Amino acid sequence: MKIIFLDIDGVLNSDMYEANRTDKLDDNRIDLSRVKLLADLVKATDAKIVLTSTWRVDWNRISALCGDYGKYLNECFATHGISILDKTPFISYFSERSKEILIWLAHHRESVESFVILDDMNYGWDKLNSRVVITNPQGYGLEEEHVKKALELLNKRIVFK
């Protein structure tokens, strides 16, 4: 299985999105054009999405147990025919993101053949650094160049030691 570890803010929304959108309602916080790029990557690789974003605290595999942001994510993703498989465990809001991913990978190592991390921040990824694609939150977030790099990484099999 191929996995996309996904951050939301700075990846599926951005400063440019916020500055240019005419509808400033809080419930339009995701740029659907970025979701389309993510969907293209998912469909090209048959990858599954695992949330690493702080948004994950509001998301649950059981839709009825999702909070408002979790439901909103599911709706946005459904517009492009994709869905979220899982989320990483919660240790802290930001500083432990690499540890949270490593914990998730340890529990699923038998089924993971490849993965990529899409994030807008450099959290000191250490062992995971070669699998990180950093987006530009001041620009448009996820762009074609990031999808291309993520596609290359997802097509490179990993070997767990």
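Leaving aside its neighbours within four places in sequence, which residues is D86 in contact with? In this predicted model, D86 touches I49, V50, L51, W59, R61, W104 and H108. D86 belongs to strand β3, which spans residues 84-87. With a relative accessibility of 9%, D86 counts as buried. Two of its side-chain partners are joined to D86 by polar contacts. The contact between the side chains of D86 and R61 is 2.7 Å. The one between the side chains of D86 and W104 is 2.8 Å.

W104 also takes part in ring packing. The structure holds 4 aromatic pairs. One of them joins F5 and W104 in an edge-to-face arrangement. Their ring centres are 5.4 Å apart, and the planes meet at 85 degrees. F5 sits in strand β1 and W104 in helix α4 (residues 97-108), so this pair ties together parts that lie 99 residues apart in sequence. Both rings are shielded from solvent: F5 is buried at 0% relative accessibility, and W104 is buried at 3%. F115 joins F5 and W104 to form one aromatic cluster. F115 has a charged partner as well. The charged end of R131 sits over the ring of F115, 5.6 Å from the ring centre.

The nonpolar interior was examined next. The largest nonpolar core holds 32 residues. Within this core, I4, L6, L12, L38, F77 and L118 touch the most other members. Several elements each supply at least two residues: β1 (2-6), α2 (32-45), β2 (48-51), α3 (68-78), β4 (114-119) and α5 (144-154). Helix α2 gives the most, with 6 residues. A second core, of 14 residues, is separate. Its members include I3, W104, F115 and I158. W104 therefore combines membership of this second core with burial at 3% relative accessibility and a side-chain polar contact to D86.

L6 illustrates the packing in the largest core. Residues up to four places away in sequence are not counted here. On that basis, L6 touches V11, L12, L38, I49, V50, L51, T52, S53, F77 and L118. Among these, L12, L38, F77 and L118 are, like L6, listed with the residues that touch the most other core members. I49, V50 and L51 are contacts of L6 and also of D86.

The cysteines were then considered. The structure holds 0 disulfides. Why is C66 not bonded to C76? The closest cysteine sulfur to that of C66 is in C76, and the two are too far apart for a bond because 12 Å separates them. The reverse also holds: for C76, the closest cysteine sulfur is that of C66, at 12 Å. A disulfide requires sulfur atoms within 2.5 Å. Both cysteines are buried. C66 has a relative accessibility of 5%, and C76 has a relative accessible area of 6%.

Helix α4 also contains L102. This residue is partly exposed, with a relative accessible area of 35%. By contrast, W104 in helix α4 counts as buried, at 3%. L102 and P89 are 13 residues apart in sequence. In space, their C-alpha atoms are 9.9 Å apart.

Note on methods. Residues numbered from 1 in each chain as written. Predicted model: local features only at pLDDT ≥ 70, side-chain atom pairs only at ≥ 80, totals over all residues. Heavy atoms only, no water. Core = buried A, V, L, I, M, F, W, Y, C linked by side-chain atoms within 4.5 Å. Buried < 20%, exposed > 50% of the residue type's maximum accessible area, 1.4 Å probe, protein only. Helix = DSSP H or I, 4+ residues; strand = E, 2+ residues; numbered from the N terminus. Contact = heavy atoms within 4.5 Å. Phe/Tyr/Trp six-rings, centres within 6.5 Å; stacked < 30°, edge-to-face > 60°. Lys NZ or Arg CZ within 6 Å of the ring centre and 35° of its normal. Polar contact = N/O pair within 3.5 Å; in protein donor to acceptor, adjacent residues only side chain to side chain.
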